[in-house]
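Subject: Structure handover

Hello,

Please find the structure below, with notes on what was found in it. The notes start with a term that is needed further down.

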Amino acid sequence: MTTDHRPELTYGTYLKVDELLQLQAARSVPEHPDELLFIVVHQASELWFKVILRELDNLTDHLGAAATVKALHTMRRLNALVRIVSDQLSALDTLPPQRFAQFRGYLGSSSGGQSHQFRAIEAMSGLREEHFLAVLREHGPVPPSVGRALAQPTLQSLFLKLLATRGTTLEQLYLGPGPTAEFLLAEALIEYEQGFQRWRYLHVQLVERIIGPDTGGTGGTLGARYLQHTLRQRFFPDLWDVRRRFFESAPSAS
Ligand code: HEM
């Protein structure tokens, strides 16, 4: 039998609370009273992004193994996490423009557009064009779980493959007599994308509310006008497209 000689574990030592609370280094001098909130919402979002990436990795495995129920379970968690990161943006709705202007200059050229975890989430979810991957590459070696997931087909193609192993198609899922587990999984993926779009929408509204619709971003983009454009991106185009097909030949009600 081995004896653990380490000091007794407490809430603070297990969670490294002291270290965690040292990480909010405001740049404004003297420190602006609202900068702590600004930093904490960003840091908390990055922590949740870390958990989302872990779950996307699990999801990739479950879809690859055609494990529908496990994938459904992971989707429930992912969708809860995406709601959390979206809801916490509202804390910054309490930051008035004139107060943000008092410390924005201290942020230099740092920008959310440089968040490599956000780009990894986008890439793992299905946005794989070069400009999504560029921020990941700039940051250094891509974390192994992200690299592994990127080497796999996208979530959408893994899902379509899963359907093929079940001998069904997207259209059949939606036309069939009753909800199957695969249908629920398709809808959970749609919910994930809808939740992610909600983050984008709440973020662009926040940006417009604080810096206005026509102010450029610290990352050198057109600011809210650039972000509006990102609202049109889709992770699962086929899952959205399947809906249109049911209405193409339907007579118009109006
Ligand atoms: C005062 C509040 C905020 C303002 C004014 C703001 C502003 C902006 C602007 C203007 C951009 C466009 C890129 C640029 O040129 O800088 C951007 C991108 C981004 N921001 Fe924020 N942001 C705020 C809060 C947040 C928070 C709390 C997060 C959470 C992590 C966040 C994450 C991001 C991400 C991930 C992008 C890249 C989005 C994309 O390219 O699709 N932002 N932000």
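A crossing of two helices is called left-handed if the near helix is turned anticlockwise from the far one by less than a right angle, and right-handed if it is turned clockwise. Please keep in mind that this is a predicted model.

The chain as a whole

The chain has 13 helices and zero strands. Read from the N terminus, its elements therefore run α-α-α-α-α-α-α-α-α-α-α-α-α, where helices and strands are DSSP runs. The C-alpha trace spans about 70 × 65 × 30 Å along its principal axes. Of the 254 residues in the chain, 20% are buried. Contacts between residues at least 6 apart in sequence were also examined, and 71% of these join residues at least 24 apart.

Two helix pairs

Two packed helices are described by the angle between their axes and the distance between the axes.

One pair is α6 (residues 116–125) with α8 (residues 144–151): the angle is about 25° and the axes are 9 Å apart. Angles under 35 degrees count as roughly parallel, so α6 is roughly parallel to α8. Their crossing is left-handed, in the sense given above. Which residues meet between α6 and α8? On the α6 side they are Ala 120, Ala 123 and Met 124, and on the α8 side Val 146, Ala 149 and Leu 150. By class, this contact of α6 with α8 has six nonpolar residues, no polar ones and no charged ones.

Another pair is α4 (residues 68–87) with α11, packed at an angle of about 15° with their axes 9 Å apart. That angle makes α4 roughly parallel to α11 as well. The crossing of α4 and α11 is left-handed. The contact of α4 with α11 divides into 16 nonpolar, four polar and four charged residues.

The ligand

How many residues are around the ligand, and which come nearest? There are 26, and the nearest are Ser 111, Gly 112, Gly 217, Gly 219 and Thr 221. The elements that give two or more residues to this shell are α3 (35–64), α11 (181–211) and α12 (224–230). Helix α11 gives the largest share, five residues. By class, the shell around the ligand holds 12 nonpolar and 14 polar residues, and no charged ones. Helix α11 thus appears in two places in these notes: in the packing with α4 and in the shell around the ligand.

Regards

Note on methods: Residues numbered from 1 in each chain as written. Predicted model: local features only at pLDDT ≥ 70, side-chain atom pairs only at ≥ 80, totals over all residues. Axes fitted to C-alpha atoms, helices over the stretch in contact; angles between N-to-C directions. Helix = DSSP H or I, 4+ residues; strand = E, 2+ residues; numbered from the N terminus. Parallel < 35°, antiparallel > 145°, perpendicular 65-115°, else oblique. Contact = placed C-beta atoms within 7 Å. Nonpolar A, V, L, I, M, F, W, Y, C, P; charged D, E, K, R; others polar. Near = placed C-beta within 6 Å. Buried ≥ 20, exposed ≤ 12 C-beta atoms within 10 Å, placed from the backbone.
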